[in-house]
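Good morning, everyone, and thank you for making time for this. Please have the sequence and the structure open while I talk, since I will go from one part to the next.

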Amino acid sequence: MSNLLNLACRGLVSRLSPFTTHPQKNVIMPFTCRCLNTTSNRQANQSPNNDYVVSKVYHNRNPRNLEKLALARKRLGWKLTAPRKDYYHKLIFTLSNRHTEARLEHFSGFTVLTVSTREWAVRDQLYSCTDVAASENVGRVMAQRCLESGISEVYFDESELDAASDKVSVFMQAFKDQGISLTEPDMVEGHYQPGINYDGYNRYAEAKAWQDDYQKE
Amino acid sequence: MAACGRSVGCRLQCLIERSNQLKSVCVQSVRYRWKPPDRDLEVLPSFSERLSEFKANHEVPPASTGINVGFPFTSSTNRKTSLQKLQQWTKTKAGKEKAARHRQLKIDLEEVHREWSVESRPRHVCKVAQHYGLYQDMFDGAHFYPVVPLDVWFDYDEEFVTPVRYGNVIPAREAEVQPCAEFEAEEDSLWTLVMSSPDGNLEQNDRELLHWMVGNIPGGDVEKGETLCKYLQPFPVKGAGFLRYVFVLYKQQRPLDLDSLRRSSDGYSLRERSFSTLDFYRKFEDSLTPAGLAFFQSQWDSSVRSTFHNILDMPEPKFEFIHPPAYVPEQLEVPHRRAFNMYLDRYRDVKDLQEEVLRYKLKDKDPTKPPPPQPKFNNIDLLPSTTSSWLRGKVQHMRIGKFHWKSVYEEPKE
């Protein structure tokens with residue numbers, strides 16, 4: 001982790017303003033935040049958490065957190081790359097001669113969820129494994145599993161399939177009925193400000209170590 | 001090399017053969033008039049080789065990766081049973097033809113869930129848990145198959161319940177009351193149920209926060225077990241995003257003396273609730289085997305504030321995300337095709353820049369009054385035609401509040 005952390009900090013520029021009163025505030029990584037203020041409505045003298053110190057650097061270790069908030073970096077790909085690469089989770093729908101399958105793939109290549117008519121749980125209630133009803137029901141089961149695993153936005157590339165076909169359109173409709181968006185939100189990027197804070201605190205609220213040349217990090 | 005040094009195509013083929021089709025080649029497709037250069041053509045590592053080298057250096061997996069600490073999972077379907085199922089399905093499917101052809105065949109999702117629980121739930125949930133980094137953060141990379149279907153739900157009003165599946169999002173206010181847990185177990189078996197949050201520890205981020213712990217549960221009846229730690233509702237802090245809350249069910253080999261884990265009676269001290277699944281599992285490794293898993297995610301809502309004030313009796317912290325800073329490469333003496341003023345601004349001290357902004361801001365404004373709203377068509381006035389292009393750009397940035405000039409039209413932060 002420390003290696004990764006160092007990697008993320010390369011060319012690190014702190015943006016804490018010198019005009020703020022106290023730059024040491026709570027911070028998170030990779031979900032990096034700082035504590036703004038605290039609110040309280042009582043005198044906490046008898047409290048069991050009287051001496052509990054909320055850390056300055058708060059690290060949310062949930063690897064899916066930044067993706068859910070659209071703050072994680074997406075792979076951009078080239079401008080005309082096909083298939084597109086700018087997604088977190090991609091929904092892949094496969095119609096083969098014998099079976100209908102759907103799977104959810106993370107951009108790292110990890111297959112998170114699969115639904116297939118090969119599963120007896122699905123196949124038992126179907127008439128055929130390749131008809132329109134099979135596509136629709138595979139879509140419904142997949143949408144259910146996406147919601148159960150906390151994924152409410154997926155990327156689905158219509159151009160890879162014939163979106164006008166009945167099988168694809170009922171598959172997509174099944175997701176819309178469950179309230180799952182078939183497009184992912186745009187990546188939220190930070191506001192660019194020029195300048196380097198040569199002697200301030202970094203984004204983890206740590207003082208900068210002395211270096212002869214900061215630009216050569 | 002000398003034999004096939006005549007044509008580029010031949011040389012390329014020779015190289016590809018030599019590198020066994022795994023490496024990318026850097027071939028200069030220039031014909032030399034008199035003789036080819038002496039240097040050997042460079043053979044560079046391919047992208048996948050460079051990527052694996054990078055991963056080996058930078059992404060060290062946890063020590064226990066690949067070890068199964070739970071029960072072995074074997075699929076319930078083999079060739080014989082699937083043949084039987086196929087025969088049965090072929091017989092019964094004819095009745096569904098009409099509904100299928102009229103596109104009215106909607107399968108029962110609860111029935112699918114029930115069958116899936118038996119058929120492939122352990123394998124699927126294991127994958128999702130891996131995707132959510134649970135094994136990495138809680139078991140040092142060692143995984144287990146949740147072979148015992150653990151059903152957990154929050155019964156927050158009379159009409160509905162919120163089930164905990166494998167990562168679904170549950171609002172914090174719906175998880176206020178102690179959840180109900182149910183699993184199938186033999187009469188004389190003993191179990192331990194632990195609910196913890198790998199992200200919830202605000203003091204030590206590398207540890208977990210214990211929310212609920214029941215030990216020595218006889219025969220799947222959670223109410224008869226010893227409550228070692230009272231239930232504490234999730235309190236995902238504001239601004240920190242989605243936090244994971246994990247229920248892990250362990251099967252016990254023998255009754256355990258868990259008194260060392262017992263928390264004090266009121267049990268709302270967060271420091272006492274600091275917990276590490278790995279330490280707990282290592283301590284009781286001989287008599288505990290992880291067998292069930294359910295987890296959910298939760299985000300801040302207004303009920304969290306009252307949890308902090310009324311139950312934990314402490315001020316509520318609030319966080320703000322800081323974007324990673326832009327990468328600033330080494331400064332060049334002669335940058336090519338860059339606006340010189342913007343290029344130099346990148347390497348200036350922020351204090352200098354902010355001083356410039358502040359001077360501009362206070363030049364003709366009263367500091368005691370709030371800043372005026374940004375005019376809608378601020379940049380409509382033409383600049384004199386003699387203005388140089390860099391200054392034109394700068395004035396435009398100042399007028400529309402771009403880059404560091406944004407703070408001209410911004411309220412100062414507290």
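**The sheet and the contact between chains**

Let me begin in chain A of this predicted model, where four strands form an open sheet in the order 4-3-2-5, with mixed pairing. Strand 4, residues 111-116, and strand 5, residues 155-156, stand at the edges of that sheet in chain A, and because each has a single partner strand, one side of each is left without a neighbour in the sheet. Between strand 2, residues 89-95, and strand 3, residues 100-106, of chain A, the pairing is antiparallel and runs over seven bridges. If you look for A:Leu95, you will find it opposite A:Thr100, which belongs to strand 3 of chain A.

What packs on this sheet from chain B? It is helix 6 of chain B, residues 121-131, which touches strand 2, strand 3 and strand 4 of chain A, and whose direction makes about 155° with that of strand 4 of chain A.

The next place to look is a pair of helices, one from each chain. In general, two packed helices are described by the angle between their axes and the distance between the axes. Here the axes of helix 4 of chain A, residues 132-148, and helix 5 of chain B, residues 109-119, come within 11 Å and cross at roughly 70°. Angles of 65 to 115 degrees count as roughly perpendicular, and helix 4 of chain A and helix 5 of chain B are therefore roughly perpendicular to each other. Their crossing is right-handed.

Which residues make this contact? From helix 4 of chain A come A:Arg140, A:Val141, A:Gln144, A:Arg145 and A:Glu148, while helix 5 of chain B brings B:Leu109, B:Val112, B:His113 and B:Trp116. Sorted by class, the contact between these two helices has four nonpolar, two polar and three charged residues.

Stepping back to the whole contact between the chains, we count 100 residues from chain B and 99 residues from chain A. The two chains bury about 9,300 Å² between them, with 56% of it on carbon and sulfur atoms. On the chain B side, the residues that lose the most area to chain A are B:Trp89, B:Ile107 and B:His131, together 8% of what that side buries.

I will finish with two details of the backbone. A:Ala82 and A:Pro83 are joined by a cis peptide bond, with omega about -5°, and A:Pro83 is placed in the loop between helix 2, residues 65-68, and strand 2 of chain A. In chain B, B:Arg337 is not a glycine, yet has a positive phi of about 55°; B:Arg337 lies in the loop between strand 13, residues 319-321, and helix 10, residues 340-346, of chain B.

How values were computed
Residues are numbered from 1 along each chain as its sequence is written. Chains are lettered from A and ligands numbered from 1 in the order in which they are written. This is a predicted model: local features need pLDDT of at least 70, side-chain atom pairs count only at pLDDT 80 or more; totals for chains, interfaces and linings use all residues. Side-chain values use heavy atoms; hydrogens and water are left out. Two strands pair if DSSP finds at least two bridges between them. Helices (H or I, at least four residues) and strands (E, at least two) are DSSP runs, numbered from the N terminus. Contact means heavy atoms within 4.5 Å. Axes are lines fitted to C-alpha atoms, for helices over the stretch in contact, and angles run from 0 to 180 degrees between N-to-C directions. Angles under 35 degrees count as roughly parallel, over 145 as roughly antiparallel, 65 to 115 as roughly perpendicular and the rest as oblique. A crossing is left-handed if the near helix is turned anticlockwise from the far one by less than a right angle, and right-handed if clockwise. Ala, Val, Leu, Ile, Met, Phe, Trp, Tyr, Cys and Pro count as nonpolar, Asp, Glu, Lys and Arg as charged, and the others, Gly among them, as polar. Buried area is the accessible area (1.4 Å probe) that two parts lose on being put together, summed over both.
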